[in-house]
Amino acid sequence: MDLDSILSVYKSKTCIISVERFPDGKYGNIRIAAGNKAHCDDMMNVMHRPFIPDSPYEEYLPQNKNFEDFCCRCAFMGQPLHSYVSLPQMGLWLNMFLLPLESDKENIGYCIYSYDVTQEVDAEQRATLSADTSAAVLQTCIKLHGADNTRRTFQEVIEDIRSICDSNYCCILLIDEEERRCTTLCEAFRVNAPINSIDNYNNDAFYDIVETWKDTIGDSTCIIIKDKEDMEWLRSVNPVWHKSLTESGAKSIVMFPLNHNGKLLGYMFASDFNVDNTVKIKETLELSTFFIASEIDNFQLLQRLEVLSSMDMLTSVKNRNAMNNVVDEIKAGKKTMNAPYAVLFTDLNGLKKVNDVEGHSAGDLLLKKVADMLQCVFFDSEIYRAGGDEFMILVEQADKAEIELRLERLRNYSENEDEGHFAVGVCFVDGDIDILNAMRIADERMYDDKKEYYRRHPERKYR
């Protein structure tokens, strides 16, 4: 077969790929049998050496398990294929077309590979999908952008993706590389499938496995393990993950990293999927993950902003804004306190002296100590920094005797500190007193406690 004559009619970068097939159906060497002028010029520009026909493809193109699968499908199953994918490690976009070519050799298959590489994404190419795939991706986008309950919507999306993959299990797993922690955002199970939640495996050892996924995926947009041969390949490159999968009973898995703005947010994967639909699944998930990662990034940003808007950055307890919000919710009946409950106000006698004598950095350090003490004593209650050195504590299902014991512990803590002493006021609510009156009573009792402290210790009063 005259491969050069076949290639002579192609203007774009084009080569012919040969794939060796063994009697047992497995494939062997994948080579670039021939290339047209545009391909040869591209190889010279990129590799800085001339293209040599019939060379192993990995000498000129990034070695990629998914690309090999595409070549085999095209060469031996006669499937014309197209893919437009990101090459994240190289910061490039690859637009590729594979067309089957009749072979004159029994154990060799051929396909024509035309490609183009660009630095910028082509939105039109990104949207060039089959009608079924487009509908599935569009449905995902509509659900995510119209969400009023983000977690519930992600649960609906993962159920849809499990259905598209026809898999036993599907999951979006978020990772925090700084904290070395994994969190399950959502997961879906086939009815009656013998699959456990990934939370059953989520520990330090599991995170060690998760860390290996990035290198295994490498330059690919995903990793697809569809049969025993692929499992053997996985065992050779990542035995730890292979062992984990086989122990969990998984026979196949498709996994996509969730990247946004150069940051790895997590992974989406489906196990025991319908391998007959591998190409469609890859095409659908490839684009879906682009939108899912964007929404996850927005979701996490809103969570961070919510924390920042409700947390006191100095002491790490809730701030006055959060206190006002919860009081408004209680007044409006949107939040019900489990009665009897207690409202406590406390501040530290002696903070002004520390600020004036030792400086505000010392005062800030003291406030952190105060907050730590309060969180240690009232570990099961909501603590708010009302302002300055004043804190409010809400204790649900409050027991008077228990509260007094805890206040005694608090006073003992502060007595051991040279800098100050707690003044405390408490109001127990088990009737018609509303939250505002309870706060007023607790605040007044705190100032009465402060006056009594200085009456007994006039020498400690500071201006």
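Let me start with tyrosine 169, whose bridge partner in strand E8 is phenylalanine 189, and please keep in mind throughout that what we are looking at is a predicted model. That pair belongs to a longer stretch of pairing, since strand E7, residues 169-176, and strand E8, residues 181-189, run antiparallel to each other over eight bridges. Together E7 and E8 make a hairpin with four residues between them, and in that turn arginine 180 has a positive phi of about 55 degrees.

The loop of this hairpin also has a side-chain contact to a helix. Glutamate 177 and lysine 214 meet through their side chains in a salt bridge, with an N to O distance of 3.1 Å. Because lysine 214 lies in helix H7 while glutamate 177 lies in the loop between E7 and E8, the pair ties together parts that are 37 residues apart in sequence. As for how open to solvent the two partners are, lysine 214 counts as partly exposed at 39% relative accessibility, and glutamate 177 is partly exposed as well, with a relative accessible area of 41%.

The structure holds 22 salt bridges, and I would like to set two pairs within helices beside the one I just described. In the first, the side chains of glutamate 232 and arginine 235 meet at 2.8 Å, N to O, and because these residues are three apart in helix H8, residues 228-237, they are separated by about one helical turn. Glutamate 232 is partly exposed at 40% relative accessibility, and arginine 235 is partly exposed at 42%. In the second, arginine 455 forms a salt bridge with glutamate 452, the closest N and O atoms being 2.6 Å apart, and both residues lie in helix H15, residues 435-456, again three residues apart, or about one turn of the helix. Here arginine 455 counts as exposed, at 57% relative accessibility, whereas glutamate 452, at 31%, counts as partly exposed. Beyond such pairs, there is also a network of salt bridges that links Lys65, Asp69, Arg73, Lys226 and Asp230.

Let me turn to the open sheet, which is formed by six strands in the order E3-E2-E1-E6-E5-E4, with antiparallel pairing. Its edge strands are E3, residues 55-56, and E4, each of which pairs on one side only. Further inside that order, strand E1, residues 13-21, and strand E2, residues 27-35, pair in the antiparallel sense over six bridges, and one example is isoleucine 16, whose bridge partner in E2 is alanine 34.

Two of those sheet strands come back when we look at the largest pocket, which holds about 790 Å³ of space. The elements that give two or more residues to its lining are strands E4, E5, E10 and E11, together with helices H7 and H10. Which element gives the most to this lining? That is H10, with five residues. In total the pocket is lined by 33 residues, and Ser86, Pro88, Trp93, Asn259 and His260 lie nearest its centre.

Helix H10 spans residues 278-310 and includes leucine 305, which brings me to my last point. Leu305 is one of the residues that make a nonpolar surface patch of about 630 Å², along with Leu301, Leu302, Val307, Leu308, Met311 and Met313. At 45% relative accessibility, leucine 305 itself counts as partly exposed, because that class runs between 20% and 50%.

Note on methods. Residues numbered from 1 in each chain as written. Predicted model: local features only at pLDDT ≥ 70, side-chain atom pairs only at ≥ 80, totals over all residues. Heavy atoms only, no water. Pairing = 2+ DSSP bridges. Patch = residues over 30% accessible without salt bridge, like charges linked within 9 Å, V, L, I, M, F, W, Y side chains within 5 Å. Areas by Shrake-Rupley, 256 points an atom, 1.4 Å probe, with all protein chains shown as cover. Salt bridge = Lys/Arg side-chain N within 4 Å of Asp/Glu carboxyl O. Buried < 20%, exposed > 50% of the residue type's maximum accessible area, 1.4 Å probe, protein only. 1 Å grid on protein atoms, 1.4 Å probe; cavity = no way out; pocket = protein on both sides within 12 Å on 5 of 7 lines; lining within 4 Å. Points joined across faces, edges and corners; volume = space filled by probe spheres on them.
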